[in-house]
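Biologist: I've got a model open and would like to talk it through with you. Can we take it piece by piece?

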Amino acid sequence: MRKHTKRRWQKDPSAMYRVMSMQQPFTPSEQVKLNLPVREALQSFRDGTGTDVHWHTLAAITNVCLIRGEAIGQEVVDVAKDGQEAIMSVMERFNRTGKWGVSHDDLARLEVCIDLHEQLIELSTPGQMLQAFRDVINRMNAGRTHRLEKA
């Protein structure tokens, strides 16, 4: 016969600090750590060394910008959607040629979206950005994805 004992929970003395860190803005060093891979991905497309990892990095930030933009305003949503169109154009170009590359127009649209993402990192809390990324994953799992329109 099994003995019924009350389950004991381990105390976590750092729980308060983890909760508070999700509610405070990113530190300057955290901002750099988050922004650097995005800038690196864009530069790799600019100099012709882009990979699918770089593409996914840029696609992720356009999606996060869209989610955060929905809570902010239509102007932010428009910039995010423009960035999504640009990154989907890069994918279409890869599917057509087999090489990663970006046109001048798409590069300019991605630059604007990256600037928006950096502003969101600066003005948002880690909790807000994490929730936006979770929403991106949930929408993707539900099949709500952006597709490039065929002309």
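Modeller: Sure. Helices here are DSSP runs of H or I with at least four residues, numbered from the N terminus. With that in hand, Trp 100 sits in the loop between α4 and α5. Bear in mind that this is a predicted model.

Biologist: Fine, start with the overall fold. What pattern does the chain follow along the sequence?

Modeller: The secondary structure comes to 6 helices and 0 strands. Of the 151 residues, 32% count as buried. Among contacts with a separation of 6 or more, 67% are between residues 24 or more positions apart. Reading along the sequence, the pattern is α-α-α-α-α-α.

Biologist: Back to that loop, then. Is Trp 100 buried or exposed?

Modeller: Trp 100 touches Phe 45, Gly 50, Thr 51, Asp 52, Trp 55, Val 90, Met 91 and Phe 94, leaving aside neighbours within four places in sequence. Its relative accessibility is 15%, and the cut-off is under 20%, so Trp 100 counts as buried.

Biologist: How far apart in space are Trp 100 and Phe 45, C-alpha to C-alpha?

Modeller: Phe 45 is among the contacts of Trp 100. The two are 55 residues apart in sequence, and their C-alpha atoms are apart in space by 6.9 Å.

Biologist: Now α4. How far apart are its end C-alpha atoms, and what should the helix span?

Modeller: Helix α4 covers residues 74-97, which makes 24 residues. The expected span takes 1.5 Å times one less than the number of residues. That gives an expected 34 Å, and the end C-alpha atoms agree, because they are apart by 34 Å.

Biologist: Which helices do the buried residues of α4 pack against?

Modeller: The buried set is Val 76, Val 77, Ala 80, Gly 83, Gln 84, Ala 86, Ile 87, Met 88 and Val 90. An α-helix has 3.6 residues a turn, so residues three or four places apart point the same way. The partners that the buried residues of α4 pack against are α2 (28-46), α3 (52-72) and α5 (104-123).

Biologist: What phi does Gly 98 take, just after α4?

Modeller: Gly 98 follows straight on from the helix. Its phi is positive, at about 85°.

Biologist: Let's zoom in on Val 90. What is its relative accessible area?

Modeller: Val 90 lies in helix α4. Its contacts, not counting neighbours within four places in sequence, are Phe 45, Trp 55, Trp 100, Gly 101, Val 102 and Asp 106. For Val 102, the C-alpha atoms are 5.7 Å apart, with the two positions 12 residues apart in sequence terms. Val 90 counts as buried because the cut-off is under 20% and its relative accessible area is 1%.

Biologist: And the largest nonpolar core: which helix supplies the largest share?

Modeller: That core has 32 residues, and those with the most contacts inside it are Phe 45, Trp 55, Leu 58, Ile 87, Val 90 and Leu 110. At least two residues come from each of α2, α3, α4, α5 and α6 (126-141). The largest share, 8 residues, comes from α3.

Biologist: What covers the buried residues of α3?

Modeller: The 21 residues of α3 should span 30 Å, and the end C-alpha atoms are 30 Å apart, which agrees. Its buried residues include Trp 55, Leu 58, Thr 62, Val 64 and Arg 68. The cover includes α2, α4, α5 and α6.

Biologist: Which residues does Ala 132 contact, beyond its sequence neighbours?

Modeller: Ala 132 is in helix α6, and it is buried, with a relative accessible area of 2%. Leaving aside neighbours within four places, its contacts are Val 64, Ile 67 and Arg 68.

Biologist: Last one, the second largest pocket. How many of its lining residues are nonpolar, polar and charged?

Modeller: About 310 Å³ of space lies in this pocket. Its lining has 14 residues, with Leu 34, Val 64, His 117, Ile 121 and Phe 133 nearest the centre. At least two lining residues come from each of α2, α3, α5 and α6. By type, the lining divides into 12 nonpolar, 2 polar and no charged.

Note on methods: Residues are numbered from 1 along each chain as its sequence is written. This is a predicted model: local features need pLDDT of at least 70, side-chain atom pairs count only at pLDDT 80 or more; totals for chains, interfaces and linings use all residues. Side-chain values use heavy atoms; hydrogens and water are left out. Buried means under 20% relative accessible area, exposed over 50%, partly exposed in between (1.4 Å probe, protein chains only). Contact means heavy atoms within 4.5 Å. A nonpolar core is a set of buried Ala, Val, Leu, Ile, Met, Phe, Trp, Tyr and Cys residues joined through side-chain atoms within 4.5 Å. On a 1 Å grid over the protein atoms alone, a cavity is a set of points where a 1.4 Å probe fits but cannot get out, and a pocket is an open set with protein on both sides within 12 Å along at least five of seven lines; lining residues have an atom within 4 Å of a point. Grid points are joined across faces, edges and corners, and a volume is the space filled by probe spheres set on the points. Ala, Val, Leu, Ile, Met, Phe, Trp, Tyr, Cys and Pro count as nonpolar, Asp, Glu, Lys and Arg as charged, and the others, Gly among them, as polar.
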